[in-house]
Amino acid sequence: MLTLRAGYGLDSNGFIVSDVSIDKIDRVYVPCIQESVESLKKLFPLQLHSVYLYGSVARGEAVAFKSDLDLIAMFVGNVQLAELTKLAGALSQKYCSLVREVGIAVGDYNYTMDPSNYYENAFLKELCVCVYGADVREQFGPYKLTSEIAIRFNGDIGEAVTRTLERIKSPSNDDFKRFSQSFARKLIRTYYSMVMVRSQIWSTRLGEQSEVFLHYFPEKESIIHTLLNWIDEPPTERQAVYEIVKIEGEWARQNFTHEASILV
């Protein structure tokens with residue numbers, strides 16, 4: 001039974017209410033955030049425009065060691081991705097007792113500021129908090145739940161499936177667990193995006209997203225249970241993971257656009 005009701009996570013006019021805030025960030029994560037920002041400034045003094053935090057740390061719901069610290073570095077001009085990857089790896093290692101991984105995604109300022117790039121605009125506005133630089137989020141929104149947002153947020157599920165199947169072929173045990181957990185999160189978010197518009201419920205929490213999806217697809221309960229288990233305890237059975245990624249990922253890919261476009 002769906003305990004959430006239409007309008008959850010929305011204001012009285014039906015616009016998304018962001019659940020991230022600078023005030024929600026637990027102080028234990030501040031040193032990691034500050035070092036990440038200072039390192040980015042040092043590596044890219046001319047290109048770095050601003051830095052944004054998203055995910056469970058930005059919502060104030062992070063669990064030590066199990067949660068990632070997710071950042072978006074907004075750049076003006078091109079940067080060396082190898083340097084960025086190296087920095088993220090070094091930070092992940094240094095703060096391994098606090099976070100599962102420090103992730104640094106790349107944002108292009110000019111691309112982001114283009115109003116036609118709906119995904120970048122809405123993602124920053126509703127899911128991110130600025131931790132350094134000039135905050136561009138106030139120039140965007142507000143946003144209602146639309147099929148365009150759903151499709152832009154998770155319409156890349158086919159690419160995610162292909163990428164994950166390749167990644168889990170022969171990685172180390174630690175990488176296998178990380179890739180599996182990452183895909184579990186992605187698939188749950190994709191499932192939710194398929195029913196987000198018709199439900200008129202906004203949530204970024206995986207448990208709530210799962211509940212909303214299962215209201216429309218109760219036959220997927222065992223799969224959702226498995227995916228949530230992967231997030232809590234990384235899987236070790238490689239063949240089982242491969243089959244779920246392949247079968248459920250393909251189902252999501254084939255049905256995503258149609259389901260995500262169904263209106264209230």
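# A first walk through the chain

The accessible surface of the chain adds up to about 13,300 Å², and 51% of that belongs to carbon and sulfur atoms (areas by the Shrake-Rupley method with a 1.4 Å probe; for residues, only the protein chains shown count as cover). What you're looking at is a predicted model, so local features are described only at pLDDT of at least 70 and side-chain atom pairs only at pLDDT 80 or more, while totals for chains, interfaces and linings take in all residues. Residues are numbered from 1 along each chain as its sequence is written, and side-chain values use heavy atoms, with hydrogens and water left out.

Let's start with the overall build. The chain has eleven helices and four strands (DSSP runs, H or I of at least four residues for helices and E of at least two for strands, numbered from the N terminus). Its C-alpha atoms fill a box of roughly 50 × 45 × 30 Å along the principal axes. The radius of gyration is 18 Å, which agrees with the value near 18 Å that a compact globule of 264 residues would have (taken over C-alpha atoms; the globule rule is 2.2 Å times the number of residues to the power 0.38).

How much of the chain is tucked away? Of its 264 residues, 47% are buried (under 20% relative accessible area, with exposed over 50% and partly exposed in between, using a 1.4 Å probe and protein chains only). There's also plenty of long-range touching: among contacts (heavy atoms within 4.5 Å) between residues at least 6 apart in sequence, 75% join residues at least 24 apart.

Helix 5, residues 118–127, is a good place to look inside. It is mostly covered, with seven of its ten residues buried. Those seven are Tyr118, Asn121, Ala122, Phe123, Leu124, Glu126 and Leu127. They pack against strand 1 (48–54), strand 2, helix 4 (109–113), strand 4 (128–133) and helix 6 (147–154).

Now jump to helix 8 (residues 173–199), home of Ala184. This alanine is buried, with a relative accessible area of 0%. Setting aside neighbours within four places in sequence, Ala184 touches Leu227, Trp230 and Ile231. For a sense of distance, Ala184 and Ala58 sit 126 residues apart in sequence and 20 Å apart in space, C-alpha to C-alpha.

Loops have their own stories. Ser67 belongs to the one between helix 2 (56–59) and strand 2 (69–75). Even in a loop, Ser67 counts as buried, at 10% relative accessible area. Beyond neighbours within four places in sequence, Ser67 is in contact with Ser56, Ala62, Val99, Arg100 and Glu101.

A few backbone oddities round off the tour. Most residues other than glycine have a negative phi, and most peptide bonds are trans. Phe65, in the loop between helix 2 and strand 2, has a positive phi of about 75° although it is not a glycine. Gln200 is another non-glycine with a positive phi, about 55°, and you'll find Gln200 in the loop between helix 8 and helix 9 (206–216). Finally, the peptide bond from Gly141 to Pro142 is cis, with omega near 0°; Pro142 lies in the loop between strand 4 and helix 6.
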